[in-house]
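Colleague: I'd like to go through this model with you and ask how you justify the words you use. Shall we look at it together?

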Amino acid sequence: MGDDQSIGVIYVEDDEDVRIGGVQALELAGFSVSGFASVETANVSVRSDMPFVVVCDVRLRGKSGLEWQADLRRLDQDLPVILITGHGDISMAVQAMRNGAYDFIEKPCSSEQLISVVRRAAEKRRLTLEVRSLRSALADRQGIEASLLGRSPQIQEVRRLVSTLAATNVDVTIYGETGTGKDVVARCLHNHSGRRAGNYVAVNCGGLPESLVESELFGHEVGAFTGATRQRIGKIEYANGGTLFLDEIESMPLSVQVKLLRSLQDRSIERVGTNKPISVDCRVVAASKTNLFELSEKKLFRADLYYRLGVAFIELPPLRERREDIPLLFEHFTLDAARRFERDAPILDDQTMSALLAYSWPGNVRELRNVADRFVLGVLDGKAINKSGFGTSDMSLPRQLENIERSIIADALRRKQGDVQATAALLGVPKQTLYDKIKRLAVNVDGIREGSLVRSGT
């Protein structure tokens, strides 16, 4: 059962005995119920966004249930209204459902039927209000917070660093797995800097053929090589006055790294085919999936370029380490997809959200966005879900929470090479508590330690 008991019930029935019986049945089922004999007395308790559903008889003294249902729909079109009807009113109730009523119950009805319909309506209302809250939170965000969404400590620290560094001219290196949002952070640094009026130029160093890297970065003159029939302005020169974003810089050929280093030191470039220096003033933001210092130690990346770029660093956490941000991010991507595809934004049910929270997200935020696209398009089921590597789960909530907790502890242990004491400090729990959780959740600490030893080469 969902958390539908947090949603109350307004029950309107002019027959006192029927009203008392209905109120008692719903209260025994765990609902908070307010009973009224007329629409006029009940209407005082109604407001938009209220955590209630409405159960109302069709035929009442004064304003009828049908008339009130129409009023309520104008007030809040998503408010579930359940109509109670006599046998002769069924066609009228069917029409009311076409006009937006949630459901109707024919008299006489059993307590079980009443509770079942109200429970479904309460679950729908709860989901609606949760989505409204998320959408309101998204709408209230401004500046950096509007681009780097989330409430987790990790993303708050990223926002703090971006806010601090954006106002400076220092070069920045961003570390993060594929799909964590390195380009988004680089754009934030640009958009909130004094260079925002200049060009933001993104270069995927891993996507350029080695034979074209120099021409792409530095430009070329006519006749510099076969096929160079026109002068070309390179990416670095085009970024003059703005920001140059070098994504996947770890894949840049060593021969090009030498020329890039000289350009950064001299703040000038030479187009291919000429020795004439051209002054360039741009901020460089580099991004890498791999630690550049470690690569430089292995002679796979120039150490002097690393130290030239390594003024300030921002590390982006993988999505699995900030699961509390998934609901907000998914709602943001759902709204964005609804706009792009010109569809209504659907509401996510609890079962699918549990699956999203339990999934490990190897593709990180980018993968979450793709899933939101499929959700809006109505293909997030069957083969589409299986292809994503997750699906709705039949596991109980405690079991799903255990899986999430196990995943968080295992990830923390990997980050600390299997050191339980260091992991306990990282997670902010006493060491004995962590030992108890490791035992209860059957976390394979020895396997994690062995994996860390293999990766470190010891």
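Modeller: Happy to. Two strands are said to pair if DSSP finds at least two bridges between them. Bear in mind that this is a predicted model.

Colleague: What makes strand 6 and strand 14 (residues 312-315) a pair?

Modeller: They share four bridges, in the parallel sense, and pairing asks for at least two, so the term applies. In one of these bridges, Y175 has E315 of strand 14 as its partner.

Colleague: How do you know that strand 6 pairs with strand 13 (residues 283-288)?

Modeller: By the same test: four bridges in the parallel sense, where at least two are needed. Here V172 stands opposite V285.

Colleague: Which way do the residues of strand 6 point, and are they buried or exposed?

Modeller: V172 and I174 point one way, T173 and Y175 the other, and all are buried. Buried means under 20% relative accessible area, so each of these residues falls below that cut-off.

Colleague: Why do you speak of a buried side on helix 19 (residues 420-427)?

Modeller: V420, T423 and A424 are buried there. They cover an arc of only 100° around the axis, so they lie on the same side of the helix. The face turned away from that side carries Q421 and A425, which are exposed.

Colleague: What makes the link between D419 and Q421 a polar contact?

Modeller: A side-chain oxygen of D419 comes within 3.0 Å of the backbone nitrogen of Q421, at the start of helix 19. The cut-off for such an N or O pair is 3.5 Å, so the distance qualifies. After the helix comes G428, with a positive phi near 75°.

Conventions: Residues are numbered from 1 along each chain as its sequence is written. This is a predicted model: local features need pLDDT of at least 70, side-chain atom pairs count only at pLDDT 80 or more; totals for chains, interfaces and linings use all residues. Side-chain values use heavy atoms; hydrogens and water are left out. Buried means under 20% relative accessible area, exposed over 50%, partly exposed in between (1.4 Å probe, protein chains only). Helices (H or I, at least four residues) and strands (E, at least two) are DSSP runs, numbered from the N terminus. The arc is that of the directions from the helix axis to the C-beta atoms. A polar contact is a pair of N or O atoms within 3.5 Å; within protein, one must be able to donate a hydrogen and the other to accept it, and residues adjacent in sequence count only if both atoms are side-chain atoms.
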